[in-house]
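Thanks for coming, everyone. I'll keep this brisk. Have a look at the model first, and then I'll take you through it.

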Amino acid sequence: MVGKVAVTAIPDPVDEVVELVSALIRFDTSNTGEPETTKGEADCALWVAAQLQEVGYDTEYIESGAPGRGNVFARLNGSDPARGALLIHGHLDVVPAEAADWSVHPFSGAVEDGYVWGRGAVDMKDMVGMMIAVARHLKQAGIVPPRDLVFAFVADEEAGGEYGAHWLVENRPDLFEGVTEAIGEVGGFSLTVPRRDGGERRLYLIETAEKGLCWMRLRATGRAGHGSMINDENAVTAVAEAVARLGRHQFPMVVTEAVAQFLTAVSEETGYAIDVDSPDLEGMIEKLGPMARILNATLRDTATPTMLRAGYKANVIPATAEAVLDCRVLPGRQAAFEAEVDELIGPNVTREWITNLQPVETTFDGDLVEAMNASLLACDPEARTVPYMMSGGTDAKAFVQLGIRCFGFTPLRLPPDLDFAALFHGVDERVPVDALKFGTRVLHHFLTHC
């Protein structure tokens, strides 16, 4: 009698994704901004590589610019080699977390109350987990996508990408050979708005633009002396006054194409007329709820004071004082922004860029956008895709230097009452289990139809 050959069932990626995201969170990949104290990226990257190698991928592990800054790349060949490849990218690092402030340990990856909890749950180990789950399934099932897919898991996004995406673009452009388009974080999530007929509509926000990320250092030089003496050349006073002027300043309102299209869609769905030419546009946007915090930040340039440094003793006036500001600049506004900053800080304070990453902007059209829309509709017939601008920055700022067209597309169907924006870098960061499963289904459909 001939025995039966056991057939191993191919796991459904939806069934794998929750444990993958939980396992990723358990790697403490906190990025302090300093290479010597940043940890965990190499261990996490090697674990990711192992998940892909297990199902037959050839992976490449690269340390970018410093020991331990681990990155992993894998490519799945598509049916049409003449088409440009698609880059699917996710970063492995997270911002630090103070465990005492959290309801659960931030690196526990706890699955409780319908959520996966922990640092990185939405920024962005949710997408990394979905990427691994879908990549594994495509390989195991022998599915050939319509075009080459390049899966990239990178380091150092949270500190600007010097030891991650930017290093890879500058030193290993061969990894991106043939890539013409890319998807990454902070897009594809749902925003539920009330319809004019009394129902609700889920808008899925596709990131087509993001502000420039510019970290600026101000420095004032004065006359050192005794703290008891009158000193009209006090560096601390000079830099503090410059910081106060910038911190209170309101830059001019500019409505970009992505923001205008988003607001038009909201008006059409809700019946709430939003006049983009209104002098009270920000007040009108405030009525949209939690998303207003993100939207209003995309109407103006910002220069937010974040760090001050001066002096070494209470009774000594230091010769120098410094401040750091986190500046976010709209597309097309760099020269005007710098001129405005120079006028505000005055002649006795100098400035320099610590980081100066340009804005990203593309149009909301083309075959890739159509594929995003179709994949969301396949999983949520009530979906409507709309473009939006992100107030922060992503690794797209590196990839556009290679001529790659970048979008934010990490699909998640979110509860209407969830303040999603507050979870990024926040205490008790978490992602709904149902949103992860939904996103995995959408991503699978998208990658097999793009």
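What covers the buried residues of H6? Keep that one in mind while I place the helix. One caution before that: this is a predicted model.

H6 runs over residues 257–270. Check its length first. It has 14 residues, and at 1.5 Å a residue they should span 20 Å. The end C-alpha atoms are 20 Å apart, so the span agrees.

Now burial. Ten of the 14 residues are buried, so H6 is largely enclosed by the rest of the structure. On the nonpolar side of that list, you'll find Ala258, Val259, Ala260, Phe262, Leu263, Ala265 and Val266 among them. Ser267, Glu269 and Thr270 are buried as well.

Back to the cover. It includes three strands: S8 at 189–194, S9 at 200–210 and S17 at 383–390. It also includes two helices, H7 at 281–286 and H8 at 292–296. Just after H6 comes Gly271, with a positive phi of about 80°.

Next, the cores. The largest nonpolar core has 92 residues. Phe151, Phe153 and Phe446 have the most contacts inside it. Which helix gives the most to this core? Helix H3, residues 125–140, with nine residues. Apart from that core lies another, of 21 residues. Leu246, Phe337, Leu344 and Ile345 are among its members.

Take Phe153 as a closer look. Leaving aside neighbours within four places in sequence, its contacts include Val48 and Leu52. They also include Val128, Met131 and Ile132. Gly70, Asn71, Val72, Gly90 and Leu92 complete the list.

On to helix packing. Two packed helices are described by the angle between their axes and the distance between the axes. So, two pairs.

Pair one is H2 with H3. They pack at about 25°, with axes 9 Å apart. Angles under 35 degrees count as roughly parallel, and that makes H2 roughly parallel to H3. The crossing is right-handed. H2 brings Trp47, Val48, Gln51 and Leu52 to the contact, and H3 brings Ile132, Ala135 and Arg136.

Stay with Gln51 for a moment. Gln51 sits in H2, residues 41–53. Is Gln51 buried or exposed? Buried: its relative accessible area is 15%, and the cut-off for buried is under 20%. Not counting residues up to four places away in sequence, Gln51 touches Ile132 and Arg136.

Pair two is H1 with H13, residues 433–447. Here the angle is about 125°, and the axes are again given as 9 Å apart. That makes H1 oblique to H13. H1 passes H13 in a right-handed crossing. From H1, the contact uses Pro13, Val14, Val17, Val18 and Val21. From H13, the residues are Val433, Leu436, Lys437, Thr440, Arg441 and His444.

One last residue: Glu16. Glu16 lies in H1, residues 13–25. At 17% relative accessibility, Glu16 counts as buried. Which residues is Glu16 in contact with, leaving aside neighbours within four places in sequence? Pro11, Ala133 and Arg136. Arg136 also appears in the contact between H2 and H3.

And for scale, take Glu16 and Asp275. They are 259 residues apart in sequence. In space, C-alpha to C-alpha, Glu16 and Asp275 are 45 Å apart.

That's my tour. Questions, please.

Terms used
Residues numbered from 1 in each chain as written. Predicted model: local features only at pLDDT ≥ 70, side-chain atom pairs only at ≥ 80, totals over all residues. Heavy atoms only, no water. Helix = DSSP H or I, 4+ residues; strand = E, 2+ residues; numbered from the N terminus. Buried < 20%, exposed > 50% of the residue type's maximum accessible area, 1.4 Å probe, protein only. Contact = heavy atoms within 4.5 Å. Core = buried A, V, L, I, M, F, W, Y, C linked by side-chain atoms within 4.5 Å. Expected span 1.5 Å × (residues − 1). Axes fitted to C-alpha atoms, helices over the stretch in contact; angles between N-to-C directions. Parallel < 35°, antiparallel > 145°, perpendicular 65-115°, else oblique. Left-handed = near helix turned anticlockwise from the far one by under 90°.
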